[in-house]
There are 2 protein chains.
Amino acid sequence: MSPRVLDEQSLLAREQMIIEAALNIIEREGVENFTMDKVVASVPFSKGTVYKHFNGKEDVILAINNQSLVILCDFFARAAKYEGSPRERMLLVNFSYLMYSLLHPVLFTVELCARSPSVLERCAQTRIDTFEAKQTTLLLIIGGIIQEAVDKQHFKMPETMGVEQVCFSNWSMAYGIISLLSQQDEKCDVRAGLKVERELFNNNNFLLDGMQWLPLSGDRDYKKEVVKALETIFPEELAKLAQAGLRLDL
Amino acid sequence: MSPRVLDEQSLLAREQMIIEAALNIIEREGVENFTMDKVVASVPFSKGTVYKHFNGKEDVILAINNQSLVILCDFFARAAKYEGSPRERMLLVNFSYLMYSLLHPVLFTVELCARSPSVLERCAQTRIDTFEAKQTTLLLIIGGIIQEAVDKQHFKMPETMGVEQVCFSNWSMAYGIISLLSQQDEKCDVRAGLKVERELFNNNNFLLDGMQWLPLSGDRDYKKEVVKALETIFPEELAKLAQAGLRLDL
DNA sequence: ACCTGAACACCGTTCAAGT
DNA sequence: ACCTGAACACCGTTCAAGT
């Protein structure tokens with residue numbers, strides 16, 4: 001009898017089951033209470049099999065994050081293809097990141113954990129490679145908008161910078177704001193009076209104005225434009241947020 | 001015989017010993033390998049005593065972070081009192097955060113961990129309060145610079161914003177850049193071509209230019225000023241970095 | 001009043017034994 | 001070739017017993 005070799009198909013299916021089981025646990029109990037034992041218990045395979053797919057618990061967390069990035073990527077793409085000036089779409093991409101963090105708070109929390117050094121250091125290199133690749137995809141969407149702005153002469157690239165650097169400017173700005181303000185549950189001094197959507201809007205305008213990316217915020221009512229555009233791009237998502245009592249207040 | 005009651009003095013001394021032992025372990029083995037067992041083994045008290053001081057492992061991590069913030073606070077203060085325009089000092093405060101992350105990479109890593117939701121959720125409320133308080137102190141230093149810029153009419157506060165919001169703009173910008181670029185060890189696509197000091201410098205100028213905070217970057221050679229100021233404020237620290245092969249390349 | 005460390009439940013990971 | 005789950009080492013946390 002020839003040795004049966006598992007086809008890639010079913011291997012992937014199994015991996016997918018594990019990832020989904022893990023996400024379920026995290027959604028019910030929080031990342032901080034996530035364990036491999038619980039995963040194994042809620043999946044029809046043994047520990048050994050689970051460990052054949054994943055280096056360990058941290059590796060599972062990164063795997064979840066890698067999947068989440070597909071959702072985020074879709075958000076980015078929808079924002080990027082909106083018809084509007086490049087600058088407006090840049091703003092919209094950042095707001096799509098915010099939408100993502102609000103609609104999928106657990107996934108966003110997983111992302112924050114996945115990025116923390118103590119987790120990343122325990123992951124399989126191939127999974128880190130996938131993570132990097134997905135991240136690059138996201139940055140390329142931003143890069144495309146920047147390139148278009150340059151082509152349309154809305155924006156003149158500073159001599160000392162490349163496209164990747166302008167990408168990173170935008171991304172790190174949004175990441176800083178959203179990650180620092182996303183742990184909203186506590187009643188804490190520091191974040192009092194800060195509204196994530198407003199800070200994101202303001203900072204984005206400052207940053208792009210500082211880059212001289214036209215049209216400047218003084219010449220356009222970006223607030224109105226963003227509100228309108230979001231309703232076009234994310235109608236169902238906004239409804240879902242409103243249902244949860246969350247309303248963007250620009 | 002009257003029951004001996006431990007004075008606060010020795011309680012604090014003991015807590016300090018535990019914190020230092022923990023930091024030692026983290027410095028040797030990394031946050032990801034930090035355990036309470038190891039702490040107890042390297043300290044002359046029993047498990048029970050350690051747990052009398054700390055809610056658990058995460059609580060110890062936050063305690064370390066709270067202490068580290070004193071060092072960071074000193075860095076901020078030194079940058080803030082440099083003689084120079086408010087805008088220059090704002091830039092310097094952000095660079096002092098960068099200096100801190102380079103000089104104390106382990107402490108900065110601990111900060112990233114401490115901020116991650118899975119850790120924060122397990123800490124004692126009083127320790128979280130201390131964390132918030134220290135954070136507020138940091139933001140107040142930034143706030144003082146902003147206030148001074150307003151007083152000197154270098155900067156007109158946007159009508160829709162308060163001082164805390166401008167503080168947060170600056171802080172989140174620096175935090176986003178430094179935290180995303182600080183896990184430098186891996187050879188990863190995304191961060192290729194990005195230099196943390198340069199991105200921080202550029203983004204800060206964009207942000208402040210966008211805010212119309214005078215003097216604008218076109219009217220001043222901030223690069224030269226920052227280099228000179230850092231040599232004045234952090235001479236020993238820069239030497240230590242250079243010794244480690246790290247040189248700020250603006 | 002305070003401290004100790006044994007004890008327990010749980011977790012991560014491995015690998016010899018099975019099919 | 002692949003899977004299983006017992007086994008092990010370690011970890012976090014508690015608390016009855018000691019001083």
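The surface near DNA strand D is made up of six nonpolar, six polar and eight charged residues. Here Ala, Val, Leu, Ile, Met, Phe, Trp, Tyr, Cys and Pro count as nonpolar, Asp, Glu, Lys and Arg as charged, and the others, Gly among them, as polar. This is a predicted model, in which local features need pLDDT of at least 70 and side-chain atom pairs count only at pLDDT 80 or more, while totals for chains, interfaces and linings use all residues. Residues are numbered from 1 along each chain as its sequence is written, chains are lettered from A and ligands numbered from 1 in the order in which they are written, and side-chain values use heavy atoms, with hydrogens and water left out.

Staying with strand D, 20 residues sit around it, and A:Arg14, A:Thr49, B:Met36, B:Lys47 and B:Tyr51 come nearest. A residue is called near when one of its heavy atoms lies within 4 Å of the strand. Of the strand D atoms within 4 Å of the protein, 63% belong to sugar or phosphate, and bases make up the rest. As for individual polar contacts (a pair of N or O atoms within 3.5 Å; within protein, one must be able to donate a hydrogen and the other to accept it, and residues adjacent in sequence count only if both atoms are side-chain atoms), a polar side-chain atom of A:Thr49 is 2.8 Å from a phosphate oxygen of strand D. Backbone atoms join in too: an N or O atom of the A:Gly48 backbone lies 3.3 Å from a base oxygen, and a polar backbone atom of B:Asp37 is 3.3 Å from a phosphate oxygen. H3(A) gives the most to this surface, with four residues. Helices are DSSP runs (H or I, at least four residues), as are strands (E, at least two), numbered from the N terminus.

Turning to DNA strand C, the nearest of its 20 surrounding residues are A:Met36, A:Lys47, A:Tyr51, B:Arg14 and B:Thr49. Sugar and phosphate account for 61% of the strand C atoms that come within 4 Å of the protein. The side chain of A:Lys47 puts an N or O atom 2.6 Å from a base oxygen of strand C, whereas A:Tyr51 has a polar side-chain atom 2.7 Å from a phosphate oxygen. On the other chain, a backbone N or O atom of B:Ser46 lies 3.0 Å from a phosphate oxygen of strand C. With four residues, H3(B) gives the most to the surface near strand C.

In the UniProt record, an unreviewed entry, "DNA-binding region" covers residues 35–54 of chain A; such annotations may be inferred rather than shown by experiment. That span is 65% helix and 0% strand, with its end C-alpha atoms 13 Å apart.

The two protein chains also meet each other: 48 residues of chain A are in contact (heavy atoms within 4.5 Å) with 48 residues of chain B. About 4,400 Å² is buried between them, 61% of it from carbon and sulfur atoms. Buried area is the accessible area (1.4 Å probe) that two parts lose on being put together, summed over both. A:Phe168, A:Leu180 and A:Phe206 supply 15% of what chain A buries against chain B, more than any other three residues. The rule finds eight residue pairs in polar contact across this interface, both at pLDDT 80 or more. H9(A) brings the largest share of the chain A side, 12 residues.
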